[in-house]
Amino acid sequence: MALLQVRHLSKFFNIDRNHRVHAVDDVSLSIAEREIVGLVGESGSGKSTLGKTMLGLHHKSAGEVIYKGELLPAKYHPADFQRHAKNMQMIFQDPYSSLNPRMTVGEIIGEGLRLHTNKKGTEIREQVARWLKRVGLEPDHMSRYPHEFSGGQRQRIGVARALILEPEFVVCDEPISALDVSVQAQVVNLLDELKASMGLTLLFIAHDLSMVRYVSDRMAVMYLGSVIEIGVSDDVFFNPKHPYTQILVGSNPEPDPQTERARPSTAIKGEIPSPVNVPAGCRFANRCPQMMEVCRVETPALIDLKEVGSGKREVACHLYN
Ligand code: SF4
């Protein structure tokens, strides 16, 4: 059963009366209970905006967000936040700027309990201490300030802050990209462990395809505000169908599992078009090595490629029409 579903979701940012940024444009996606969906794509493809719009941190411009069968309001009121914050949380990208430097770690982690539950004083401190231990820190770290911790430790604090309310759905917005490679695996393993013990459902946003493949059950690829391929993570990674996904995978250092040789690097050429002037037809046409006449005029719909890999695969490309 889908825990969260978005239908034709769009988020535009108005620049002036005649121009707007098409950050997320007509995205439909559903995430099952206890599923991890990885979201990949270049910077500026709309991944973070999609995650924030799903949570109501951005007001949607069009479309629907359905959580456990309930249609969420277009604009959240304080009472909606109160209700949904307990169920839906976000782990932010930058562990340096996302923690208030003037609050102690105990205040930061316990803030959600103060705002969204009836718990007080000692009860909150006890729960914060338990969560500090759960994320591999010490209970007496509660009285310290964020600047006293390393990047990896700060991200653990961010994880504890997001999960202390025991949400069902969490958007992890590039939770490891600001960390050293040696620390990235620790944070991913921590999320994996907590996902298994808490039965979390996650949208995991990242640049690193091999990390997303490792973490997620399904992988969705975004390009210029649209989802252009989605399927079982291993299928998408080892047998990508959309020309953009093929280039993304080709530029990944992971060796080919068949030959165990490094894949030839196929760096993507050209610039991603401006999300203010979205081109007609396929948005990837100006960079696609397989572009055809039809690609310049008709926008390809996301269609189900039957019998490809181990699960449903959808791709938006005229090569498969
Ligand atoms: Fe390339 Fe055309 Fe497919 Fe777009 S629709 S990815 S331009 S082949």
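Strand β3 (residues 36-40) is joined by four bridges to strand β9 (residues 218-223), and the two strands run parallel. In this pairing, V37 stands opposite R218 of β9. Strand β3 also has a partner in strand β8 (residues 201-205), again through four bridges and in parallel orientation. Here I36 of β3 stands opposite L202 of β8. These descriptions refer to a predicted model.

The two pairings of β3 may be set out as follows.

| Partner of β3 | Bridges and direction | Residues standing opposite |
|---|---|---|
| β8 (residues 201-205) | four bridges, parallel | I36 and L202 |
| β9 (residues 218-223) | four bridges, parallel | V37 and R218 |

How many of the residues of β3 are buried? Five of its five residues are buried, and the strand is accordingly described as mostly covered. Both of its faces are covered: I36, G38 and V40 are buried on one side, while V37 and L39 are buried on the other.

A further site of interest is E174, which lies in the loop between β7 (169-173) and α6 (181-198). Is E174 buried or exposed? With a relative accessible area of 5%, E174 is buried, because residues under 20% are counted as such. The side chain of E174 makes a polar contact with the side chain of H207, at 2.8 Å. When its neighbours within four places in sequence are set aside, E174 is in contact with K47, Q93, I205, A206 and H207. H207 therefore appears both in this list of contacts and as the polar partner of E174.

Helix α5 (residues 151-163) comprises 13 residues. From its first C-alpha to its last, α5 reaches 18 Å, close to the 18 Å expected at 1.5 Å a residue. The helix is mostly covered, with 12 of its 13 residues buried. Among them are G151, G152, R154, Q155 and R156, and the buried residues also include I157, G158, V159, A160, R161, A162 and L163. Against which elements do the buried residues of α5 pack? They pack against β6 (88-91), α3 (105-116), α4 (121-134), β7 and α6.

Regarding confidence, the chain averages a pLDDT of 88, and 93% of the residues score at least 70. Among the elements of the chain, strand β10 (residues 226-232) has the highest mean pLDDT, 97, whereas helix α2 (residues 78-85) has the lowest, 68. Where pLDDT is low, the predicted coordinates should not be read in detail.

Key: Residues numbered from 1 in each chain as written. Predicted model: local features only at pLDDT ≥ 70, side-chain atom pairs only at ≥ 80, totals over all residues. Heavy atoms only, no water. Buried < 20%, exposed > 50% of the residue type's maximum accessible area, 1.4 Å probe, protein only. Pairing = 2+ DSSP bridges. Polar contact = N/O pair within 3.5 Å; in protein donor to acceptor, adjacent residues only side chain to side chain. Contact = heavy atoms within 4.5 Å. Expected span 1.5 Å × (residues − 1). pLDDT = per-residue confidence, 0-100.
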